[in-house]
Amino acid sequence: MFDRIFNFIIRILAHLCLFPKLHYLNPKVQKNRLEEPSILVCNHTGHLDGVVLNMVFCKNRIHTLAAKDRFSQNGFGFFLRHTYCIPIDREHPDTS
């Protein structure tokens with residue numbers, strides 16, 4: 001329950017600061033919704049990519065990948081743990 005409230009607050013704050021817009025090149029795709037598990041691939045432009053994806057697809061629970069070493073940082077680690085981030089070990093990748 002805390003994670004949902006935390007995500008909602010972060011989504012509102014980020015929306016007020018970033019003003020995200022979703023632009024579709026193909027208008028037919030705009031009607032499609034993520035109704036089943038999907039993989040979203042996007043360019044990595046900064047540390048707020050996961051927050052922006054959560055805002056754009058707010059009706060879906062989006063899990064983003066983050067480096068495992070970032071989870072040990074005090075403030076940023078708390079943020080990652082409560083915004084549906086999955087830790088990835090970049091030095092010793094595990095395919096399971």
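The exercises below, each with a worked solution, concern a predicted model.

**Exercise 1. Classify the aromatic pair formed by Phe76 and Phe79, and place it in the chain.**

Solution.
- Step 1. A pair of aromatic rings is described by the distance of the centres and the angle of the planes.
- Step 2. For Phe76 and Phe79, the centres are 6.1 Å apart and the planes make an angle of 20°.
- Step 3. Centres within 6.5 Å qualify as a pair, and planes under 30 degrees apart count as stacked. The Phe76 and Phe79 pair is therefore stacked.
- Step 4. Both residues belong to helix α3, and because they are three residues apart there, about one helical turn separates them.
- Step 5. The two rings are then assigned by accessibility: Phe76 has a relative accessible area of 28% and is partly exposed, whereas Phe79, at 16%, is buried.
- Step 6. The structure holds one aromatic pair, that of Phe76 and Phe79.

**Exercise 2. Determine how the buried residues of α3 are arranged about the helix axis.**

Solution.
- Step 1. The buried residues in α3 are Gly77, Phe79 and Leu80.
- Step 2. Viewed down the axis of α3, these buried residues fall within an arc of 160°, so they line one face of the helix.
- Step 3. On the face turned away from that buried side, α3 carries the exposed residues Asn74 and Gly75.

**Exercise 3. Find the salt bridge of the structure and state which parts of the chain it links.**

Solution.
- Step 1. A search of the whole structure gives one salt bridge.
- Step 2. Its partners are the side chains of Arg90 and Asp69, at 3.7 Å from N to O; the cut-off is 4 Å.
- Step 3. Arg90 lies in the segment after β2 and Asp69 in the loop between β1 and α3, so the pair, 21 residues apart, links distant parts of the chain.
- Step 4. Arg90 is exposed, with a relative accessible area of 59%, while Asp69 is partly exposed at 43%.

**Exercise 4. Describe the largest pocket by its volume and its lining.**

Solution.
- Step 1. The volume of the largest pocket is about 840 Å³.
- Step 2. Its lining comprises 32 residues, of which Gly50, Leu53, His63, Thr64 and Leu65 are the closest to the centre.
- Step 3. At least two lining residues come from each of α2 (49–56), β1 (64–67), α3 (74–81) and β2 (85–88). The most is given by α2, with five residues.
- Step 4. By residue class, the lining divides into 16 nonpolar, 11 polar and five charged residues.

Key. Residues are numbered from 1 along each chain as its sequence is written. This is a predicted model: local features need pLDDT of at least 70, side-chain atom pairs count only at pLDDT 80 or more; totals for chains, interfaces and linings use all residues. Side-chain values use heavy atoms; hydrogens and water are left out. On a 1 Å grid over the protein atoms alone, a cavity is a set of points where a 1.4 Å probe fits but cannot get out, and a pocket is an open set with protein on both sides within 12 Å along at least five of seven lines; lining residues have an atom within 4 Å of a point. Grid points are joined across faces, edges and corners, and a volume is the space filled by probe spheres set on the points. Helices (H or I, at least four residues) and strands (E, at least two) are DSSP runs, numbered from the N terminus. Ala, Val, Leu, Ile, Met, Phe, Trp, Tyr, Cys and Pro count as nonpolar, Asp, Glu, Lys and Arg as charged, and the others, Gly among them, as polar. Rings of Phe, Tyr and Trp (its six-membered ring) pair if their centres lie within 6.5 Å; planes under 30 degrees apart count as stacked, over 60 as edge-to-face and the rest as tilted. Buried means under 20% relative accessible area, exposed over 50%, partly exposed in between (1.4 Å probe, protein chains only). The arc is that of the directions from the helix axis to the C-beta atoms.
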